[in-house]
Amino acid sequence: MDLRNLDDATFAEIEAAFDEYGVIVFRDQFLTPAEQVAFSRRFGPLDHFPYGLFNMADHPEIVILSNILQEGKPIGMNDAGRYWHSDMWTLDQPPRGSMLCAIEVPVEDKIALGDTYFASSTHAFDTLPHELKARVASLHGVFSTARYKKFVGHEKPDNVYLKEIVKAAAEQPDSEVTHPLVRKHPRTGKTCLFIVEGVIRTILELENAEANDLLDTLLAHTVRPEVTYRHRWRVGDVVMWDNYSAMHRAIGDFELPLRRLMHRTTLSASEMESSHDATTG
Ligand SMILES: [Fe+2]
């Protein structure tokens, strides 16, 4: 399909597939920034990426992900997302989902680099042992930006990309936000595990050692290779993920002169209506 020209019925099919599968892929779309924003808005309001550093000047709804340097300065985030996460977990209300358009993809020996892994947080919860489901559903994680900075190595910004991020992050005071480890998807009613690798400082209801053991167990269960999808990018791809029902992780196996350029929009959760109630009572 051509995402520039969708009638309402076709768009409804896309949104239903997005709700059902959590990750959807469209090949050969080649959307301009304006077209990407227009298609994204059909899902509802958009969130701007918090730091603003790499948001496009004329389309601030788009944040640039790239390793490209202009006059020695990065034009986008490069090192971001190289851990299992869902997006913008620092917010009280993280977004509904994200959409990534591939503008330039690094290729070496005819093989694309910079793949993205996905795992299903709903499948992860559904396949937990019965007792663990009940236990996890009562717990709350403390998500910490200080812990994140330690995890990704902000103390030693050893490259130009990380230096820029660290500079931007330094302007933001460290923060913590408490999220339940299990949340219900506002549209589908599906139960989703809510964990992020390396950033949950502790679990409110548990001792630290017990919390860390449990988080390790949950992450290992969620991202088993047999239940992950690895997306190999092509220029023109549009990939969307549901931030409740999917986790993802970027692979940093490329560097200049191989160039990567992606445009991301972020779907807000602020006006997510429940289609679940209407269809299932
Ligand atoms: Fe991400």
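This is a walk through the sheets, helices, core and unusual backbone spots of a predicted model.

Start with the sheet built around strand 9. Three strands make up this open sheet, in the order 15-9-17, and they pair in the antiparallel sense. Strand 15 (228-231) and strand 17 (246-250) are the edge strands. Each has a single partner, so one side of each is left without a neighbour in the sheet. From one strand to the next, the twist averages 20 degrees.

Now take the pairings one by one. Strand 9 covers residues 116-120 and joins strand 17 over five antiparallel bridges. Two residue pairs help to fix the register. Thr116 stands opposite Ala250 in strand 17. Ser120 stands opposite Ala246 in that strand. Strand 9 also pairs with strand 15, again antiparallel, over four bridges. Here Tyr117 has Arg230 of strand 15 as its bridge partner.

A further open sheet of three strands has the order 11-10-14. Its pairing is antiparallel. Strand 11 (176-180) and strand 14 (200-203) sit at the edges, and each pairs on one side only. Neighbouring strands of this sheet are turned by 25 degrees against each other on average, direction ignored. Strand 10 (residues 140-144) and strand 11 share five antiparallel bridges. One residue pair to look for is Val142 with its bridge partner in strand 11, Thr178.

Just past strand 10 in the numbering comes helix 5 (residues 145-152), which holds Ala146. Ala146 has 14 other C-beta atoms within 10 Å, so it is partly exposed. Ala146 and Glu176 are 30 residues apart in sequence, yet their C-alpha atoms are 8.2 Å apart in space.

Next, the helices. Helix 2 spans residues 33-41, and its buried residues include Gln36, Phe39 and Ser40. Look down the axis of helix 2: the buried residues fall within an arc of 100 degrees, so they line one face of the helix. What covers them? Among the covering elements of helix 2 are strand 2 (46-47), strand 6 (97-104) and strand 18 (261-267).

Helix 7 (residues 208-222) allows a check on its length. At 1.5 Å a residue, its 15 residues should span 21 Å. Its end C-alpha atoms are 21 Å apart, which agrees.

Which residues of helix 7 are buried? They are Leu214, Leu215, Leu218 and Thr222. These cover an arc of only 100 degrees around the axis, which puts them on the same side of helix 7. The face turned away from that buried side carries the exposed residues Ala209, Asp213, Asp216 and Ala220. The cover over the buried residues of helix 7 includes strand 9, helix 3 (121-126), helix 4 (130-136), strand 13 (191-193), strand 14 and strand 17. Both three-strand sheets described above therefore contribute to this cover: strands 9 and 17 belong to one, and strand 14 to the other.

The largest nonpolar core has 50 residues. Within it, Cys101, Ala102, Leu193, Ile195 and Val238 touch the most other members. Strand 6 supplies the largest share of this core, five residues. Ile195 is worth a closer look. Not counting residues up to four places away in sequence, Ile195 touches Gly141, Leu181, Ile200, Leu215, Leu218 and Leu219. Of these, Leu215 and Leu218 are among the buried residues of helix 7.

Last come the backbone oddities. Most residues other than glycine have a negative phi, and most peptide bonds are trans. Three spots depart from this pattern.

The peptide bond from Leu256 to Pro257 is cis, with omega near 10 degrees. Pro257 is found in the loop between strand 17 and strand 18.

Asp28 has a phi near 55 degrees, a positive value in a residue other than glycine. Asp28 lies in the loop that runs between strand 1 (23-26) and helix 2. It has 10 C-beta neighbours inside 10 Å, so Asp28 counts as exposed.

Lys110 also has a positive phi, of about 65 degrees, although it is not a glycine. Its place is in the loop between strand 7 (107-108) and strand 8 (111-112). Is Lys110 buried or exposed? With 5 C-beta neighbours inside 10 Å, Lys110 counts as exposed.

Key. Residues numbered from 1 in each chain as written. Predicted model: local features only at pLDDT ≥ 70, side-chain atom pairs only at ≥ 80, totals over all residues. Pairing = 2+ DSSP bridges. Helix = DSSP H or I, 4+ residues; strand = E, 2+ residues; numbered from the N terminus. Axes fitted to C-alpha atoms, helices over the stretch in contact; angles between N-to-C directions. Buried ≥ 20, exposed ≤ 12 C-beta atoms within 10 Å, placed from the backbone. Arc of directions from axis to C-beta. Contact = placed C-beta atoms within 7 Å. Core = buried A, V, L, I, M, F, W, Y, C linked by C-beta atoms within 7 Å. Expected span 1.5 Å × (residues − 1).
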